There are 2 protein chains.
Amino acid sequence: MDNFQALFDYVQKLSGKTLSVEEKQIFIAHFKPKKIRKRQYFLQEGDVCKYTGFIVKGAAKTFTVDEKGHEHILKLSIENWWLADFESFYKLTPSRFNIEALEDMEILQITHNLVEEFIKPIPAFSAMQNVLSQNNTIAAQKRMQSSISQTGEERFQELVNDYPHFIQRFPQNLIASYLGLTPETLSRIRKNSSK
Amino acid sequence: MDNFQALFDYVQKLSGKTLSVEEKQIFIAHFKPKKIRKRQYFLQEGDVCKYTGFIVKGAAKTFTVDEKGHEHILKLSIENWWLADFESFYKLTPSRFNIEALEDMEILQITHNLVEEFIKPIPAFSAMQNVLSQNNTIAAQKRMQSSISQTGEERFQELVNDYPHFIQRFPQNLIASYLGLTPETLSRIRKNSSK
DNA sequence: AAAATAGATTGATCTTTGTCAAGCTTATTT
DNA sequence: AAATAAGCTTGACAAAGATCAATCTATTTT
């Protein structure tokens, strides 16, 4: 299973631990490779997010649709990220979010129960989870801080600095939505900031 | 040590596990009770956040100050929360935040090293950490979603619904800052929404 | 290649929010 | 009680951002 290598590398890198052959077999036994085509949904609003998926290839957006029919992108996910609405995934409650593939994707997916039963006992995995949890806390805090204290222009500049590959990989209207701006506003911001 | 009871209750409630007498002794041996007076700082921008503190009594704000000298409140913390800039606490890097007591406080504080060495091995504590990490992920996601897709008025209403005790406990100018609004704007929002 | 779709830009106008200044009310301090 | 400090409100104006409509590229799809 060739696409498992990315997952093994990722777990080992974040945890700082090595996976044994037996442990790798446990991963292979419980994660299912899945392909998702561009524009296909991984999760629909109102459904329970039964799976989380490790992204081997491709990209997706997590978004809501408001009463006016406008999309708001909460998250843009690429290779080596975990795809899910974690609120729904942990609690098995209906999700308020949609997750849609922006490119053809290859993921390795698994249910919450299987993670708890077979994967979490693997020390490298739970160590990875701890690191990931810290990283997420830090990133969420930073994004929130930007959101309450900076203008759209400053938030865009920060995104360009911190995640330049996002800027070139995704169309500008998605970036705008991720920043909480309309495409028109982001277009004007870019025009003015280049001066 | 009377004020440890709140911590024991909290750990047991979130973890769903019971603490033995010996485990409670470990907590008592490593957490230090500390009083912080109103307006006193728990953390100053530029310093490393060496301690995290469990809030037994009182409240605090976590904020930044921008170039114009304006405060932006990232977090309001009350009883049964952990006080810290976790980025700085985990990585031991200088913090970008200030944490200041809004009321006289009693906390139980501890360093990162002591948590890792003595407290984390207690099963109830690490189970609590997992639950807390999930809760934080969910709350952060919800707040971010509000921030990118809702108006100030909607964000305020959500806060009133979700955390009514915050509204009565803290002055309106702090609530405004927490929502990313100026005090004037929140004042007008409230005036209009009551109609 | 033509048609259709998706994305970006621009202008005009409207809405939301910020800024500055003043006056007012309510707590704290002395 | 007087004085001081915090906090809240209001008005006039400015700035940031949204909306709507039109046009202009690009990129897919047929």
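**Exercise 1.** Determine whether Phe31(A) is buried or exposed, and describe how Phe31(A) is arranged with Phe27(A).

*Solution.* Step 1. Take the scale: buried means under 20% relative accessible area, exposed over 50%, and partly exposed in between, with a 1.4 Å probe and protein chains only. Step 2. Phe31(A) has a relative accessible area of 2%, so Phe31(A) is buried. Phe27(A), at 0%, is buried as well. Step 3. Apply the ring rule: rings of Phe, Tyr and Trp (its six-membered ring) pair if their centres lie within 6.5 Å; planes under 30 degrees apart count as stacked, over 60 as edge-to-face and the rest as tilted. Step 4. The centres of Phe27(A) and Phe31(A) are 5.7 Å apart and the planes meet at 15°, a stacked pair. Step 5. Both residues belong to one aromatic cluster, whose members include Phe4(A), Tyr10(A) and Trp82(A).

The model is predicted: local features need pLDDT of at least 70, side-chain atom pairs count only at pLDDT 80 or more, and totals for chains, interfaces and linings use all residues. Residues are numbered from 1 along each chain as its sequence is written, chains are lettered from A and ligands numbered from 1 in the order in which they are written, and side-chain values use heavy atoms, leaving out hydrogens and water.

**Exercise 2.** Place His30(A) in its helix and list its contacts beyond its neighbours within four places in sequence.

*Solution.* Step 1. His30(A) is in helix α2, residues 21-30 of chain A; helices (H or I, at least four residues) are DSSP runs numbered from the N terminus. Step 2. His30(A) has a relative accessible area of 19%, and is therefore buried. Step 3. With those neighbours set aside, His30(A) is in contact (heavy atoms within 4.5 Å) with Gln109(A), Ile110(A), Leu114(A), Phe118(A) and Ile119(A).

**Exercise 3.** Describe the protein surface near DNA strand C and find polar contacts to the strand.

*Solution.* Step 1. Near means that a heavy atom of the residue lies within 4 Å. By this rule 17 residues surround DNA strand C, and Arg188(B) is among the closest. Step 2. Sugar and phosphate make up 60% of the strand's atoms that come within 4 Å of the protein. Step 3. α9(A) gives the largest share of this surface, four residues. Step 4. A polar contact is a pair of N or O atoms within 3.5 Å. A polar side-chain atom of Arg188(B) is 2.9 Å from a base oxygen, and one of Glu184(B) is 3.3 Å from a base nitrogen. A backbone N or O atom of Gly180(B) is 3.3 Å from a phosphate oxygen. Step 5. Sorted by class, the surface has two nonpolar, nine polar and six charged residues; Asp, Glu, Lys and Arg count as charged, Ala, Val, Leu, Ile, Met, Phe, Trp, Tyr, Cys and Pro as nonpolar, and the others, Gly among them, as polar.

Key: Polar contact = N/O pair within 3.5 Å; in protein donor to acceptor, adjacent residues only side chain to side chain. Helix = DSSP H or I, 4+ residues; strand = E, 2+ residues; numbered from the N terminus.
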